[in-house]
Amino acid sequence: MGECSTEYRGLPDANGEDAGSVPVSAELRKVSIAPLVFLIFYEVSGGPFGIEDSVGAAGPLLAIIGFLALPVIWSIPEALITAELGTMFPENDGYVVWVTSALGPYWGFQQGWVKWMSGVIDNALYPVLFLDYLKSAVPALGGSPPRAFAVLGLTALLTLLNYRGLTVVGWVTICLGVFSILPFFVMGLISLPRLRPARWLVVNLHNVDWNLYLNTLFWNLNYWDSISTLSGEVDNPGKTLPKALFYVVIFVVVGYLYPLLAGTGAVLLDRGQWSDGYFSDLAKLLGRAWLMWWVQAAAALSNMGMFVAEMSSDSYQLLGMAERGMLPAFFARRSRHGTPLVGILFSASGVLLLSSLSFQEIVAAENFLYCFGMLLEFIAFVLLCVRRPDAPRPYRVLLRTAGCVGMLVPPTALIVVVLALSTLKVALVSLGAGQHGLQGN
């Protein structure tokens with residue numbers, strides 16, 4: 001791994017050149033702004049599927065406030081950091097090189113391990129959720145061995161899409177995104193005559209599951225930095241990446257609030273019904289069976305979009321780390337389509353190994369690991385502001401160092417709360433994964 005210096009050799013010099021950067025062939029920079037927007041959308045959100053638990057845990061008012069406040073507290077700061085550092089270091093190791101540049105190779109490797117584990121754990125959700133939405137139509141998918149074979153087949157199919165290249169993945173996510181968003185637009189229009197704004201104000205502070213509430217909000221509004229591991233494949237990242245992040249922040253917030261306001265305002269509240277998958281029941285109540293089936297199909301396909309986007313991020317991260325010498329050279333091998341062959345296979349294997357965990361355990365474990373990685377990113381961002389304020393940055397956060405530190409106080413406090421509310425089992429599993437990374441280094 002080399003010695004742990006306090007400043008990485010890859011930091012841009014006064015001419016904007018990075019002496020330690022890994023050159024990326026121009027013909028591989030194929031991702032334009034439209035596919036990039038949907039790649040970020042699926043890495044962060046994928047649609048309102050999964051936000052129902054916020055209403056079940058805390059009621060309509062706190063759910064609405066949460067999806068208004070948390071983007072300001074968390075999503076915007078994380079997106080701003082990603083825009084600045086992702087354009088400062090337009091390489092496929094993304095947040096790994098940010099931390100390495102500020103804290104040295106040792107902590108850069110820890111960042112890579114923790115964030116890769118978090119991403120793979122997160123990705124294990126999507127084949128499971130896909131089958132959960134289909135098991136009402138195909139009951140056999142609810143049990144093994146048919147379910148196990150279905151997970152294996154689905155993972156293999158989606159892994160093949162990643163093998164074919166980011167251009168294919170990008171345009172697949174556009175098609176899936178349009179199909180997944182449209183039924184909620186229709187549901188919102190149908191709900192208009194039945195809306196009762198007073199229903200949005202229902203709250204009972206004595207009956208709030210804060211752990212479920214915060215984990216649901218956090219899970220649905222993080223992973224903005226994942227796109228940084230694809231920066232080396234983006235066309236003109238200095239301009240394209242900040243624009244795409246700006247568009248997606250608006251896209252995601254509206255995409256959550258619109259169906260949330262429609263569902264809670266048009267139907268009498270039954271918090272017990274508000275859990276994962278309830279939007280399909282709402283679609284049937286507000287429309288007819290055809291809208292319910294459309295929402296269920298959209299939910300299933302949205303999970304496919306999130307899977308391929310997350311796997312792209314995870315596998316290109318491994319490729320970038322190998323190009324930096326942090327992993328064995330075979331991780332840097334590309335297929336004939338220019339994709340990270342070994343990284344894709346490793347990420348797919350991790351998904352299959354973790355797919356037997358429950359939904360709640362997966363969400364809590366990946367949130368726990370993700371929090372540690374984000375703390376390292378925050379430290380790296382501040383240190384680079386202090387040590388290299390004049391280093392070339394195609395995009396720069398318009399705050400002085402004190403302002404940047406102030407911007408990070410609320411998300412850091414949120415991280416502390418999320419970690420404090422984690423169960424002992426989740427903490428032990430997550431710390432065990434992190435300890436493995438320390439030993440591996």
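This report walks through the fold, helix packing and some individual residues of a predicted model.

## The chain as a whole

Let's start with the broad view. The protein chain contains 16 helices and zero strands. Of its 441 residues, 56% are buried. Contacts often bring together distant parts of the sequence: among those between residues at least 6 apart, 85% join residues at least 24 apart.

## Annotated transmembrane regions

An unreviewed UniProt entry carries the annotation "transmembrane region" for residues 58-76, 146-163, 169-190, 244-269, 289-309, 367-386 and 398-421. Two of these spans can be set beside the model. Residues 58-76 are 95% helix and 0% strand, and the C-alpha atoms at the two ends of this span are 24 Å apart. For residues 169-190 the figures are 100% helix and 0% strand, with 33 Å between the end C-alpha atoms.

## The nonpolar core

The largest nonpolar core has 122 residues, and the members touching the most others are Ile40, Trp74, Trp224 and Phe381. Helix α12, residues 289-323, supplies the largest share of this core, with 15 residues.

Trp74 is a handy place to begin exploring. Setting aside residues within four places in sequence, its contacts include the aromatic residues Phe218, Tyr370 and Phe378. Leu221, Asn222, Met374, Pro411, Leu414 and Ile415 are also in contact with Trp74.

## Two helix pairs

Helix α3 covers residues 60-88, and helix α10 covers residues 237-266. The two pack at an angle of about 170 degrees, with 10 Å between their axes. Because an angle over 145 degrees counts as roughly antiparallel, α3 and α10 are described as roughly antiparallel to each other. On the α3 side, the residues making the contact include Pro60, Ala63, Phe67, Pro71, Ala79 and Gly86. Those on the α10 side include Pro237, Leu241, Leu245, Val249, Tyr256 and Thr264.

The other pair is α11, residues 278-286, with α12. Their axes are 7 Å apart and the packing angle is about 160 degrees, which means that α11 is roughly antiparallel to α12. This crossing is right-handed. Phe279, Ser280, Ala283 and Lys284 of α11 meet Leu291, Met292, Val295 and Gln296 of α12.

## Buried residues within helices

Glu84 belongs to helix α3. With a relative accessible area of 2%, below the 20% cut-off, Glu84 is therefore classed as buried. Glu84 and Val397 are 313 residues apart in sequence, but their C-alpha atoms are 6.5 Å apart in space. Beyond residues up to four places away in sequence, Glu84 touches Phe381, Cys385, Arg393, Tyr395, Arg396 and Val397.

Ser118 sits in helix α5, residues 105-123. Its relative accessible area is 0%, so Ser118 is buried. Tyr223, Glu366, Leu369 and Tyr370 are in contact with Ser118, leaving aside neighbours within four places in sequence.

Leu408 is part of helix α15, residues 401-420. Leu408 is buried too, with a relative accessible area of 4%. Its contacts beyond four places in sequence are Ile81, Phe378, Phe381 and Val382. The C-alpha atoms of Leu408 and Val382 are 9.2 Å apart, while the two residues are separated by 26 places along the chain. Phe381 is worth finding in the viewer: it is in contact with Leu408, it is touched by Glu84, and it is among the core members with the most contacts to other members.

## Positive phi in one loop

The loop between α9, residues 210-220, and α10 contains Tyr223, and Asn236 lies in this loop as well. Tyr223 is not a glycine, yet it has a positive phi of about 75 degrees. Asn236, another residue other than glycine, has a positive phi near 50 degrees.

Are these two residues buried or exposed to some degree? Tyr223 has 3% relative accessibility and so counts as buried. Asn236 has a relative accessible area of 41%, which means it is partly exposed. Tyr223 also links back to helix α5, where Ser118 lies, through its contact with Ser118.

Technical notes:
Residues numbered from 1 in each chain as written. Predicted model: local features only at pLDDT ≥ 70, side-chain atom pairs only at ≥ 80, totals over all residues. Heavy atoms only, no water. UniProt positions renumbered as here; feature names shortened; annotations may be inferred. Helix = DSSP H or I, 4+ residues; strand = E, 2+ residues; numbered from the N terminus. Core = buried A, V, L, I, M, F, W, Y, C linked by side-chain atoms within 4.5 Å. Buried < 20%, exposed > 50% of the residue type's maximum accessible area, 1.4 Å probe, protein only. Contact = heavy atoms within 4.5 Å. Axes fitted to C-alpha atoms, helices over the stretch in contact; angles between N-to-C directions. Parallel < 35°, antiparallel > 145°, perpendicular 65-115°, else oblique. Left-handed = near helix turned anticlockwise from the far one by under 90°.
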